[in-house]
Amino acid sequence: MLDAICELETEEHLTARTTYSVFKFQQLPDDDIERLRQWLICPACGGKAYFRKASKDGKAACFGSRYHQADCIEFKPSAQKSREEQGAIEVHQQLVDADALMIDFSRKPRRHSLANKAAPTSKSSSISKSSSISESSQVSVALPAGAQVQELRTDYQVNAAAHTTEKRLASQGLEKLLHSLLRGTDLAKSNLWVYTDSERKYRWRAKNLFVNFADADPLDNKPHLYWGTISHTDKAMDWLNPADSKDIGIPIDGIKQPLWAQFEIEDKRCLEGAGLILFGKCFWNKDKTRKIIQLWNNDLQRIFISKLED
Ligand SMILES: [Zn+2]
């Protein structure tokens, strides 16, 4: 359980409700934690909840409850919810521990259903096995010849001396970064240095790199990692329309087939409500009526779609 509601009675005998993420709550001063921890309830069913501090041997801080209703989603979270929460916790820990973060665009998404299809006899395939299967099934897309050159022309190059003090360099893929952003960890506001290439030439403050679709600015002329959720696609599935902003379109007509294969998209419904993160640039269309976010070099490693699994 990553969120809990704190219900306090005010002096006017009103009930003040505040929702805390466990990431926020654990950063409160000790006095506040002691004062508030007895007033926590489950955000889904209202059952009395508790807070457990992070353990010395590395277990993350968490909320929990022994009083959930039997049908409470926090009592028996889906496998997807648990996995996404684990991802958010992992990224939060990296924010706390690391001096810098490197984005590993080559990290492959989990492909449970594909792994099962490929190896129908061993349902309990190990993590390493399923990841090797997804490795071999990765869709290869020919990059435009100028892809590397174009990237080298950006303004975010740093010299080698800049990162010599960064001793603890964490590495993370787009999937968990997206789940962390969607769960409201501090990643989007963090000052942590983030590298978008393995040679550590391009460095950004996390707060400048990660931009929710609602905040996309077509005039800033820099690439970003834009993130949010998909509302819907058009009939031909040539555009992704974010839920976070009504005047943004993400053209995908040129990469549709490999994109659908990579994320096992079978129909439009697969995309409705899905999480989305992509590295790209935002600009106005000709008539300045619509913002376009173009995936960088149409590189499929720089986009991640987190489907709802139901
Ligand atoms: Zn509950």
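Which residues does F279 touch, not counting residues up to four places away in sequence? The points below address this and other features.

1. Basis. This is a predicted model, in which local features need pLDDT of at least 70, side-chain atom pairs count only at pLDDT 80 or more, and totals for chains, interfaces and linings use all residues. Residues are numbered from 1 along each chain as its sequence is written, and side-chain values use heavy atoms, with hydrogens and water left out.

2. Surroundings of F279. F279 touches T196, W204, L209, P223, H224, L225, Q294, L295, W296 and R302, where contact means heavy atoms within 4.5 Å. The residue is found in strand β14 (residues 275–284); helices (H or I, at least four residues) and strands (E, at least two) are DSSP runs, numbered from the N terminus. F279 counts as buried at 2% relative accessibility; buried means under 20% relative accessible area, exposed over 50%, and partly exposed in between (1.4 Å probe, protein chains only). P223 lies 56 residues apart from F279 along the chain, yet their C-alpha atoms are separated by 6.7 Å.

3. Zinc site. The zinc ion has as protein donors C42 (SG), C45 (SG), H68 (ND1) and C72 (SG), at 2.1 to 2.3 Å. Donors are N, O and S atoms within 2.8 Å of the metal (3.2 Å for Na, K and Ca); water is not among the atoms, so sites may look incomplete. The spacing of the donor residues in sequence is C-x2-C-x22-H-x3-C. Angles of 106 to 116° among the four donor atoms make the site tetrahedral, a label given to four donors if all angles lie between 85 and 135 degrees. Of the donor residues, H68 is buried at 14% relative accessible area, and C72 is buried at 6%.

4. Open sheet. Four strands form an open sheet in the order β7-β6-β8-β9, with mixed pairing; two strands pair if DSSP finds at least two bridges between them. The edge strands, each pairing on one side only, are β7 and β9 (203–205). Strand β6 (residues 100–103) pairs with β7 in the parallel sense over four bridges, and L101 has A170 as its bridge partner in β7. β6 also pairs in the parallel sense with strand β8 (residues 193–195), over three bridges, and M102 stands opposite Y195 in β8.

5. Strand β7 and helix α7. Side chains alternate along β7 (residues 169–172): A170 and Q172 point to one face and are buried, whereas L169 and S171 point to the other and are not. In helix α7 (residues 174–182), eight of the nine residues are buried, including E175, K176 and H179. G184, just after α7, takes a positive phi of about 75°.

Methods: Four donors count as tetrahedral if all angles lie between 85 and 135 degrees; four count as square planar and six as octahedral if opposite donors are over 155 degrees apart and all others between 65 and 115; anything else is irregular.
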